[in-house]
Amino acid sequence: MRKNRTFQELRAISFETNISMHAEGSCLVKFGNTQVLCTASIDEKTPHWLKNTGKGWITAEYGMLPRSTNTRIDREATKGKQGGRTQEIQRLIGRSLRTVVNLINLGERQIKIDCDVIQADGGTRTASISGGFVALYQSIEKLKRNYNIQTPIIKECVAAVSAGIINSQPNLDLDYEEDSNAEVDANFVICESGKIAEIQVTGEEYFFTDKQFQQIFDLSKKGVAQIIEKQKAILSI
């Protein structure tokens, strides 16, 4: 039995906006003890491969602060390169957020989402996507006001949550200890409409069945719907 919550229950999740006085959008997102600072910065030029296409771009960077875990980790900058996990997560964040943006209506500009993990206790990538959307939405609303843009840029909300199988039992929103003991570990990125942006699922030295996959997928759809409700409440949409 889980501590203080049921198998189907999310951890305490919150979004706090306007954390940074400089960024066009900012959000401190908390999934239980996991805390991520997400900022959105608008750049009035696109990557070179999109020049003169009329399309904009959304990209992301992700990092963990040295004491975000129970032992200090070195900054990747001191090593001279990012690790494979970091690159994989920031690409996931960027892909997930691009799914809900009309890049033509954004125009030839780029929005960079920075996700810095202050404290890690599982689910840092799902928290980053969910908080990153809040920061992205704020930045686009500011852009629309500043340039009197009337066309819609954000198509719909998007959020992410983890799920897994532990001792043959489906669990929603895994913390670090649960994730470490999971037989199956998954991350679901789902839009408000129910459309799927991305699914990552792995059997950790185990096989899993269609039924087990459907169980954690159903849990995740309900969890994402609750997270999106919180996004919409903080953004007043």
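1. In this predicted model, the side chains of Lys112 and Asp43 form a salt bridge, with an N to O distance of 4.0 Å. The two partners come from distant parts of the chain, since Lys112 belongs to strand β5 (residues 110-119) and Asp43 to strand β3 (residues 34-43), and they stand 69 residues apart. Lys112 is partly exposed, at a relative accessible area of 35%, and Asp43 is likewise partly exposed, at 21%.

2. A salt bridge also joins the side chains of Glu88 and Arg125, where the N to O distance is 3.0 Å. This pair connects helix α2 (residues 84-98), which holds Glu88, with helix α4 (residues 124-147), which holds Arg125, and the residues are 37 apart in sequence. Glu88 is partly exposed, with a relative accessible area of 29%, whereas Arg125 has a value of 17% and is therefore buried, the cut-off being under 20%.

3. Arg11 and Asp173 are likewise paired through their side chains in a salt bridge of 3.0 Å, N to O. Because Arg11 sits in the segment before β1 (13-17) and Asp173 in the loop between β7 (169-172) and α5 (176-180), the contact ties together parts of the chain that are 162 residues apart in sequence. Arg11 is buried, with a relative accessible area of 9%, and Asp173, at 0% relative accessibility, is also counted as buried.

4. As for the overall tally, a search of the whole structure finds nine salt bridges, among them the Arg11 and Asp173 pair.

How values were computed. Residues numbered from 1 in each chain as written. Predicted model: local features only at pLDDT ≥ 70, side-chain atom pairs only at ≥ 80, totals over all residues. Heavy atoms only, no water. Helix = DSSP H or I, 4+ residues; strand = E, 2+ residues; numbered from the N terminus. Buried < 20%, exposed > 50% of the residue type's maximum accessible area, 1.4 Å probe, protein only.
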